[in-house]
Amino acid sequence: MKIRYFADTDTLYIQFRPAEVAETRDLDENTLAEYDAQGQLCAMTLEHASARADIPHFSYEQVAA
């Protein structure tokens, strides 16, 4: 998984897994979802990310099953 924030465009890109994108769907006017040929979600793009997410305070935690 990769998360990239592009400050110049205020865009957050979340790649859940590397895959060739076969389809991009607009979830709303500022959110895109990318799917592979099997229909599995690969990535999401969030426009105006700083207003929609707390970008400077991102944290990650892996929890044991």
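Rings of Phe, Tyr and Trp (its six-membered ring) count as a pair if their centres lie within 6.5 Å. By that rule, this structure holds zero aromatic pairs. Keep in mind as you look through the views that this is a predicted model.

**View 1. The whole chain and its confidence.**
Let's start with how sure the predictor is. The mean pLDDT of the protein chain is 92, and 100% of its residues reach 70 or more. Confidence is highest in strand 4 (residues 31–35), with a mean of 98, and lowest in helix 1 (residues 49–52), with a mean of 88.

**View 2. Five strands make one open sheet.**
Follow the strands across the sheet and you will meet them in the order 1-2-5-4-3, with antiparallel pairing. Strand 1 (2–6) and strand 3 (23–28) each have a single partner strand, so they stand at the edges with one side left without a neighbour in the sheet. From one strand to the next, the twist averages 15°. As a reminder, strands of a sheet pair through backbone hydrogen bonds.

**View 3. The hairpin of strand 1 and strand 2.**
These two strands run antiparallel and are joined by five bridges. To find one of the partnerships, look for Lys2, whose bridge partner in strand 2 is Gln15. Four residues lie between the strands of this hairpin, and here Asp10 takes a positive phi near 55°.

**View 4. Strand 2, a mostly covered strand.**
Is strand 2 buried or exposed? Five of its five residues are buried. Thr11, Tyr13 and Gln15 point one way from the strand, while Leu12 and Ile14 point the other way. On to its pairing with strand 5: the two strands are antiparallel and share five bridges. Leu12 has Leu46 of strand 5 as its bridge partner.

**View 5. Strand 3 beside strand 4, with a charge over a ring.**
Strand 3 and strand 4 are antiparallel too, and five bridges pair them. One residue to look for is Asp26, whose bridge partner in strand 4 is Leu32. Now find Arg25: its charged end sits over the ring of Tyr35, 4.0 Å from the ring centre. Arg25 also forms a salt bridge with Glu23, where the closest N and O atoms are 3.2 Å apart. Arg25 counts as partly exposed at 35% relative accessibility, and Glu23 also counts as partly exposed, at 38%.

**View 6. A salt bridge between two loops.**
Side chains of opposite charge can pair when their charged atoms come close. How many salt bridges are counted in this structure? The count comes to three. One of them joins the side chains of Asp36 and Arg17, at 2.5 Å from N to O. Asp36 lies in the loop between strand 4 and strand 5 (41–47), and Arg17 in the loop between strand 2 (11–15) and strand 3, so the pair ties together parts that are 19 residues apart in sequence. Asp36 is buried, with a relative accessible area of 9%, whereas Arg17 counts as partly exposed at 30% relative accessibility.

**View 7. A salt bridge from helix 1 to strand 3.**
Here the side chains of Arg52 and Asp28 meet in a salt bridge, with 3.8 Å from N to O. This pair links distant parts of the chain, since Arg52 is in helix 1 and Asp28 is in strand 3, 24 residues apart. Arg52 counts as partly exposed, with 40% relative accessibility. Asp28 counts as partly exposed at 37%.

Terms used: Residues numbered from 1 in each chain as written. Predicted model: local features only at pLDDT ≥ 70, side-chain atom pairs only at ≥ 80, totals over all residues. Heavy atoms only, no water. pLDDT = per-residue confidence, 0-100. Phe/Tyr/Trp six-rings, centres within 6.5 Å; stacked < 30°, edge-to-face > 60°. Lys NZ or Arg CZ within 6 Å of the ring centre and 35° of its normal. Pairing = 2+ DSSP bridges. Axes fitted to C-alpha atoms, helices over the stretch in contact; angles between N-to-C directions. Salt bridge = Lys/Arg side-chain N within 4 Å of Asp/Glu carboxyl O. Buried < 20%, exposed > 50% of the residue type's maximum accessible area, 1.4 Å probe, protein only.
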